[in-house]
Amino acid sequence: MKLLLQLLILTFLLNATVACSQTKPQKQVEMETETDKSSVLEVARQLTELMIEKNIAAMNKIVDKNFTLTHITGYVQSKKEWFSEIETERMKYYSYKEVKTSVEIDGNKGTFVGQNILDARIWGSRNNWRLQQTMQLEKRNGKWIILKSVATTF
């Protein structure tokens with residue numbers, strides 16, 4: 001009986017040690033989350049800059065192969081079609097002014113919401129669009145990739 005009690009205590013201590021060693025300290029989790037938030041914000045801003053530069057090759061590196069862009073009209077556009085519209089300048093982006101941003105992180109998933117005043121010509125209509133972009137992202141091999149973006153007005 002004494003041996004059984006010692007084995008139970010030893011098992012409990014080993015399990016507690018393993019559980020503690022697998023849990024990150026709260027401070028480390030908070031720092032990683034803040035770093036991820038900064039990275040998501042950076043990649044979202046980068047996409048907008050690359051749109052203005054018309055740099056399709058660089059855009060392709062930060063958006064998913066199945067990326068979609070939902071326009072304010074509700075039209076869902078594939079990456080291929082969107083890139084083609086940028087190359088032919090049917091969609092021409094001139095500049096933007098950031099108004100407000102927020103980022104939420106949940107493990108390897110992220111959500112970016114950004115409000116910009118975007119100077120753009122879309123299908124022949126140039127305007128300073130008051131756009132809110134909601135982007136879904138995923139962290140892959142330490143890099144944040146944009147899965148989709150939904151535009152609304154604000």
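1. Two strands count as paired here if DSSP finds at least two bridges between them. With that in mind, a few friendly remarks on this predicted model follow. S3 and S4 run antiparallel and are joined by 14 bridges.

2. Staying with this pair, the hairpin of S3 and S4 has two residues between the strands, and Gly-107 takes a positive phi near 70° there. Further along the pairing, Asn-116 in S4 is the residue that stands opposite Glu-98.

3. You may also like to look at the largest pocket, which holds about 430 Å³ of space. Its lining is made up of 28 residues, and those nearest the pocket's centre are Tyr-93, Leu-118, Leu-131, Gln-133 and Ala-151.

4. Several elements share in that lining: helix H2 (26–53) and strands S1 (63–70), S3 (91–106), S4 (109–122), S5 (125–140) and S6 (143–153) each give at least two residues to the largest pocket. The hairpin strands S3 and S4 are thus among the contributors.

5. What is the make-up of the largest pocket's lining by class? There are 17 nonpolar residues, along with nine polar and two charged ones.

6. Lastly, do have a look at Glu-85, which sits in helix H4 (residues 79–87). Is Glu-85 buried or exposed? Its relative accessibility is 9%, and because buried means under 20%, Glu-85 counts as buried. Setting aside neighbours within four places in sequence, the contacts of Glu-85 are Gln-77, Arg-90, Met-91 and Trp-123.

Definitions and conventions
Residues numbered from 1 in each chain as written. Predicted model: local features only at pLDDT ≥ 70, side-chain atom pairs only at ≥ 80, totals over all residues. Heavy atoms only, no water. 1 Å grid on protein atoms, 1.4 Å probe; cavity = no way out; pocket = protein on both sides within 12 Å on 5 of 7 lines; lining within 4 Å. Points joined across faces, edges and corners; volume = space filled by probe spheres on them. Helix = DSSP H or I, 4+ residues; strand = E, 2+ residues; numbered from the N terminus. Nonpolar A, V, L, I, M, F, W, Y, C, P; charged D, E, K, R; others polar. Buried < 20%, exposed > 50% of the residue type's maximum accessible area, 1.4 Å probe, protein only. Contact = heavy atoms within 4.5 Å.
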